[in-house]
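Visitor: I would like a close look at a single part of this model, namely the way its helices pack against one another. Please take me through that part carefully, and then through whatever surrounds it.

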Amino acid sequence: FFFGFCDEVRGLVLVFHKASRGEMRRFMARSCATIKPTHTYLQAPSRWFSSQRKRKNVPLLKDSLKKVYLKTHPDLFENFPEHKHVNQESLQSLQGLLESMKDNTESYPPKQHLSLDFHYRSGGEDGFKKVTLNISTTGGECKRIVGKGLSKFFVQFGLPDNFKWGDSFWKTPTIKDAIMEEQKRQQKEMEQKYREAYEKSTGTNF
């Protein structure tokens, strides 16, 4: 079999050697036309590039929040004091939660559950629509839980349910950070005990 294959190859080489340039081009064109791509990127390049564009078009959290602010800012409801008050209180609570998730914080957000109502103008019967943000934090690493709550919230405004956190949110404390925090806590306790013992022994305030 091997020697027969070699003879065929030798024959093709002799044909190519004797064939004109035009004949060789036609032969290569017919041969390439019979090759079928097997790689998924070659079979469906448009689908792959489409998925890549979708990933690049995922908005940042701050951009989605900005669109929510533009619809719910209290200044837009001067003639509707009840809606204005509700939005003002909810925005303050949401801002407090977001600040607790910033990188400049030294710990995770506290354990809590928030149910925040918002009003914005729409084509409803009274011209407004009410949406609710239900979000929970566990006192520990809860990025996925918070992200799920925000996604459902954004959908109610007609915004994408997907977003990127960006560089400003969710600094995850490392083991080193946890050790340093515990050392600070123990140091404060020792200082408090020393202060109490000093005041008790001397009868004066430290």
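Guide: In this predicted model, helix α5, which covers residues 61–72, and helix α7, which covers residues 143–155, have axes that come within 11 Å of each other and cross at roughly 40°. That angle makes α5 oblique to α7, and the crossing of the two helices is left-handed. On the side of α5 the residues that meet the partner helix are Leu61, Ser64, Leu65 and Val68, while α7 brings Leu150, Phe153 and Phe154 to the contact. Sorted by kind, the residues of this contact of α5 with α7 divide into six nonpolar and one polar, with no charged residue among them.

Helix α5 also packs against helix α6, which runs over residues 81–100, and here the axes come within 11 Å and cross at roughly 160°. Angles over 145 degrees count as roughly antiparallel, and α5 and α6 are therefore roughly antiparallel to each other. This crossing of α5 and α6 is left-handed. From α5 the contact takes Leu65, Tyr69 and Thr72, and from α6 it takes Asn87, Leu91, Leu94, Gln95 and Leu98. The residues of the contact of α5 with α6 divide into five nonpolar and three polar, and again none is charged. Leu65 deserves a separate mention, since this residue of α5 appears in the contact with α7 and also in the contact with α6.

Staying with helix α6, one can turn to Ser90, which is found in that helix. With a relative accessibility of 6%, Ser90 counts as buried, the cut-off for that class being under 20% relative accessible area. Leaving aside residues up to four places away in sequence, Ser90 touches Leu116, Asp117 and Phe118. Of these, Asp117 belongs to strand β1, which spans residues 112–121, and through this residue the path leads on to the charged pairs.

The count of salt bridges comes to two. In one of them the side chain of Asp117 meets that of Lys130, with an N to O distance of 3.6 Å. Lys130 lies in strand β2, residues 128–137, and Asp117 in strand β1, so the pair ties together parts that are 13 residues apart in sequence. As for their surroundings, Lys130 counts as exposed at 51% relative accessibility, whereas Asp117 counts as partly exposed at 23%. Asp117 thus takes part in a salt bridge with Lys130 and is also touched by the buried Ser90.

The other salt bridge joins Glu78 and Lys84, whose closest N and O atoms are 3.1 Å apart. Glu78 has a relative accessible area of 48% and is partly exposed, and Lys84 is partly exposed as well, with a relative accessible area of 22%. Lys84 falls within the residue range 81–100 of helix α6, the helix that holds Ser90.

To place these elements in the whole, the protein chain has eight helices and two strands, and from the N terminus on they follow the order α-α-α-α-α-α-β-β-α-α. Buried residues make up 22% of the 206 residues in the chain. Among the contacts between residues at least 6 apart in sequence, 54% join residues at least 24 apart.

Two positions further along the chain complete the picture. Ser168 has its place in the loop between α7 and α8, the latter covering residues 175–202, and with a relative accessible area of 43% Ser168 is partly exposed. Although Ser168 and Met101 are 67 residues apart in sequence, their C-alpha atoms are 8.4 Å apart in space. Asn205 lies in the segment after α8 and is exposed, with a relative accessible area of 71%. Between Asn205 and Arg195, which are ten residues apart in sequence, the C-alpha to C-alpha distance is 8.3 Å.

Note on methods: Residues are numbered from 1 along each chain as its sequence is written. This is a predicted model: local features need pLDDT of at least 70, side-chain atom pairs count only at pLDDT 80 or more; totals for chains, interfaces and linings use all residues. Side-chain values use heavy atoms; hydrogens and water are left out. Axes are lines fitted to C-alpha atoms, for helices over the stretch in contact, and angles run from 0 to 180 degrees between N-to-C directions. Helices (H or I, at least four residues) and strands (E, at least two) are DSSP runs, numbered from the N terminus. Angles under 35 degrees count as roughly parallel, over 145 as roughly antiparallel, 65 to 115 as roughly perpendicular and the rest as oblique. A crossing is left-handed if the near helix is turned anticlockwise from the far one by less than a right angle, and right-handed if clockwise. Contact means heavy atoms within 4.5 Å. Ala, Val, Leu, Ile, Met, Phe, Trp, Tyr, Cys and Pro count as nonpolar, Asp, Glu, Lys and Arg as charged, and the others, Gly among them, as polar. A salt bridge is a side-chain nitrogen of Lys or Arg within 4 Å of a carboxyl oxygen of Asp or Glu. Buried means under 20% relative accessible area, exposed over 50%, partly exposed in between (1.4 Å probe, protein chains only).
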